[in-house]
Amino acid sequence: MKFEYDIEGGNFSRAGFASSEVKKKLRQLNVDIQIVRRIVVALYEAEVNVVAHAWYGKMTVDIDEEKILLILDDEGPGIEDIDLAMKEGFSTASPEVREMGFGAGMGLPNIKKNVDTLKITSEPGKGTRVEMITYMKGGKNEKS
Amino acid sequence: MERRCLIMDLQQMANIIDGRVVANGNESRTGYNTAFASDLMSDVLTLDQENVVLITGLATLQTIRTAEMADINCIIFVRNKKASPEMISLARESGINIVECRYTMFRASGLLYQAGLNPVY
Ligand SMILES: Nc1ncnc2c1ncn2[C@@H]1O[C@H](COP(=O)(O)OP(=O)(O)OP(=O)(O)O)[C@@H](O)[C@H]1O
Ligand SMILES: [Mg+2]
């Protein structure tokens, strides 16, 4: 099963709309509550990043029996140094983003904590692609 | 001194902080025993616990969204911050309760702690 959503950069009043739809879908599909919780937090962090840092993005959610694949592909400034962006506390968020309660540099580390695999690729000046996978069985959800 | 921990319902919490329930989107059967106070949504998203009450002075639509994503079903707005009609309707849709309160975050948190709500850590 595959779902796609558009994400508008800069539009904070809509930020989270796509993640909220995915949450409802996963609940309907009876995915384990703990898995849903972690995925939705990661997805929302990634969605807010597109809204806060990029211009336009597409969210793709692909669910099968084994795993959930989440991809956020955006057109935006890209990330110069991905290792640095992954560091807790690193942020280039604007004052407007900070006024919304974001921009603490905690999003990417939090995504990493909540999914089984995270892959970020980026081309500065063009955009960023964030790929996350969570396994229905045998992933982080079962270790904890 | 031994701390007495309690499970409270929405109205009990509102009474303790002289607050007003403005959205009743969730009839929690279990009640509340833990709270977290922050204006930073980035922080809220790192919580692992469930059924946590969020005490915040950041009253935006994004606060409601963040609560929804973090499985938080009760928000207390402090410092006399008001929930807009849009926020209230999103809260109802998402099964979230909202309480408005005139006190500072420190005072509201202190009163709820004293009354028996636990911190997250
Ligand atoms: N989609 C993106 N496009 C461009 N830059 C990004 C994107 N996502 C993240 N970044 C860069 O990586 C930094 C760190 O991201 P991270 O999500 O960890 O923190 P933040 O978004 O700044 O704050 P928080 O997530 O705590 O609200 C951002 O400040 C930004 O510079
Ligand atoms: Mg972020």
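A polar contact is a pair of N or O atoms within 3.5 Å; within protein, one atom must be able to donate a hydrogen and the other to accept it. One such contact lies at the start of helix 3 of chain B in this predicted model. There, a side-chain oxygen of Thr60(B) comes to within 3.1 Å of the backbone nitrogen of Gln62(B).

Helix 3 of chain B spans residues 61-69. Nine of its nine residues are buried, so the helix is largely enclosed by the rest of the structure. The buried set includes the charged residues Arg65(B) and Glu68(B). Leu61(B), Ile64(B), Ala67(B) and Met69(B) are also among them, as are Gln62(B), Thr63(B) and Thr66(B). After the helix comes Asp71(B). Its phi is positive, near 55°.

Asp71(B) also takes part in a network of salt bridges. The other members are Lys23(A), Arg27(A) and Arg37(A). The network therefore contains residues of chain A and of chain B, a salt bridge being a side-chain nitrogen of Lys or Arg within 4 Å of a carboxyl oxygen of Asp or Glu.

Across all chains, the structure holds 16 salt bridges. Another of these joins Lys113(A) to Asp48(B), with the closest N and O atoms 3.4 Å apart. This pair crosses between chains. Lys113(A) sits in helix 5 of chain A, residues 107-114. Asp48(B) lies in the loop between helix 2 (41-44) and strand 3 (52-56) of chain B. Lys113(A) has 34% relative accessibility and so counts as partly exposed. Asp48(B) stands at 54% and so counts as exposed, the cut-off being over 50%.

Two further salt bridges lie within chain A. Lys58(A) and Asp6(A) meet through their side chains at 2.9 Å, N to O. The two residues are 52 residues apart and link distant parts of the chain. Lys58(A) belongs to strand 2 (residues 56-63), and Asp6(A) to strand 1 (residues 2-8). At 30% relative accessibility, Lys58(A) is partly exposed.

Asp73(A) pairs with Arg129(A), and here the closest N and O atoms are 2.9 Å apart. This salt bridge also links distant parts of the chain, its residues being 56 apart. Asp73(A) is in strand 3 (residues 67-75). Arg129(A) is in strand 5 (residues 127-135). Both partners count as partly exposed, because relative accessibility is 33% for Asp73(A) and 28% for Arg129(A).

Note on methods. Residues numbered from 1 in each chain as written. Chains lettered and ligands numbered in written order. Predicted model: local features only at pLDDT ≥ 70, side-chain atom pairs only at ≥ 80, totals over all residues. Heavy atoms only, no water. Helix = DSSP H or I, 4+ residues; strand = E, 2+ residues; numbered from the N terminus. Buried < 20%, exposed > 50% of the residue type's maximum accessible area, 1.4 Å probe, protein only.
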